[in-house]
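Load the model in your viewer and keep the sequence panel open. The stops below say what to select next and what is there.

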Amino acid sequence: MKQLVLVATCVSVVLTALGCSSEARIGTKPDALFGAAAGDGLDDLASLEALEERAGRRMAIDRVYRGWDNAAPGAREQRTIAAGRIPLVSFNGGRASESPVRWANVASGTEDAHLREVARAFRALGENVFVVYHQNPDKDETAFGRAEEYRAAYRQVVAMFRAEGASNVRFVWSMRSPSFPSRADDFYPGDDVVEWIGANAYNYGSTAEGTRWLSLRALVADFLSWAAPHRKLLMLAEFGCSEEPGQPARKADWLSEASSTLRDLPEIRAAVYFTVPGSESAVDTSPQTLAAFRALVHEPHFALLPSRRE
């Protein structure tokens, strides 16, 4: 009975984030959100729209990447909301021409004025939006600081957003899937400031140095085990697969297997495929891959969509 209550609660939270009626969508297995990272920069919404045309459906989530100085949302997020998608916005301390904003500086409050301005811009969107502060912190310690400074910085970011009344923001904490067995506890900022837990899961194939062919199920196993006690909504904030040289059908087979895996894992409430033009995981690397991607996104499991803005 406890498990059924938890699933129903998770469904209600997902639907509340979309402004949908919970009674209309609850079934034996809750629907999930499917999205994509498809644009080459903030101005490239056309790549996502072209992907939707090839896939034959609208994406529920649009993955957007920002730095520190341009962390405030703008035209990209406004357009994607109007089209009936939820922005999933990452920002970190990276700057184009200056030294990065280190986690200790954020945690100390010296960046609060900037964060308040960013929070007000997110609040002004008027619709729900996912926000990730500094994804994959495990790979950025050299440039940005220590794990305990990251945790404090994340908490400070959330505090500033809450102080500015940005209640439409759903905070996501995300890191690379291989790091969950050993590093997740080091970087996790706390259940009170995280609403969704995410992972970036990639199969880089068996030909790259130090890699091997891994199914999506294998890639997310440690993530799911670590996240379970936290009782949060889960997402694949990024996932993807590279082609295998000499085996043109293997990536397509991986996507087909991923489809059944995600169908069998109802705890994953959102999945975002990384198909930025020119990336190894792009969906147009072969006709077989595109066909498998189309089948994946048309799974009934991924039927959940926000409403278009009138």
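**Strand 2 and its neighbours**

Select strand 2 (residues 61-66): five of its six residues are buried, so the strand is largely enclosed by the rest of the structure. Buried means under 20% relative accessible area, exposed over 50%, and partly exposed in between, with a 1.4 Å probe and protein chains only. Helices (H or I, at least four residues) and strands (E, at least two) are DSSP runs, numbered from the N terminus.

This is a predicted model, in which local features need pLDDT of at least 70 and side-chain atom pairs count only at pLDDT 80 or more, while totals for chains, interfaces and linings use all residues. Residues are numbered from 1 along each chain as its sequence is written, and side-chain values use heavy atoms, with hydrogens and water left out.

Add strand 1 (residues 33-37), which pairs with strand 2 in the parallel sense over two bridges; two strands pair if DSSP finds at least two bridges between them. Here G35 stands opposite I61 of strand 2. Show helix 3 (residues 46-55) as well: with strand 1 and strand 2 this helix makes a right-handed β-α-β unit. A crossover is right-handed if, with the strands pointing away from the viewer, the path from the first strand over the helix to the second runs clockwise.

**Helix 4 and strand 3**

Next, follow the chain from strand 2 through helix 4 (residues 75-82) to strand 3 (residues 86-91). This β-α-β crossover is right-handed too. Which residues of helix 4 are buried? They are R76, E77, T80 and I81. They cover an arc of only 125 degrees around the axis, which puts them on the same side of helix 4; the arc is that of the directions from the helix axis to the C-beta atoms. These buried residues pack against helix 3, strand 2 and strand 3, where contact means heavy atoms within 4.5 Å. Just after helix 4, select G84, which takes a positive phi of about 90 degrees.

Strand 3 runs parallel to strand 2, and six bridges join them. To check the register, pick R63 opposite L88 and Y65 opposite S90. Six of the six residues of strand 3 are buried. In a regular strand the side chains alternate between the two faces of the sheet. In strand 3, I86, L88 and S90 point one way, and P87, V89 and F91 the other. On to strand 4 (residues 129-133), which is parallel to strand 3 and joined to it by four bridges; S90 has V132 as its bridge partner there.

**The whole barrel**

Zoom out: eight strands close into a barrel in the order 1-2-3-4-5-6-7-8, with parallel pairing. Further round, strand 5 (residues 169-176) and strand 6 (residues 196-203) pair in the parallel sense over five bridges, and W173 has I197 as its bridge partner in strand 6.

**The cores**

Finally, select the largest nonpolar core, which has 76 residues. Such a core is a set of buried Ala, Val, Leu, Ile, Met, Phe, Trp, Tyr and Cys residues joined through side-chain atoms within 4.5 Å. F34, Y133, F161, W173, I197, F223 and F239 touch the most other members. Helix 8 (residues 147-163) gives the largest share, eight residues. A second, separate core of 15 residues includes L88, V172, L233 and A237.

End on F34, whose contacts, not counting residues up to four places away in sequence, include R57, M59, I61, F239 and Y273.
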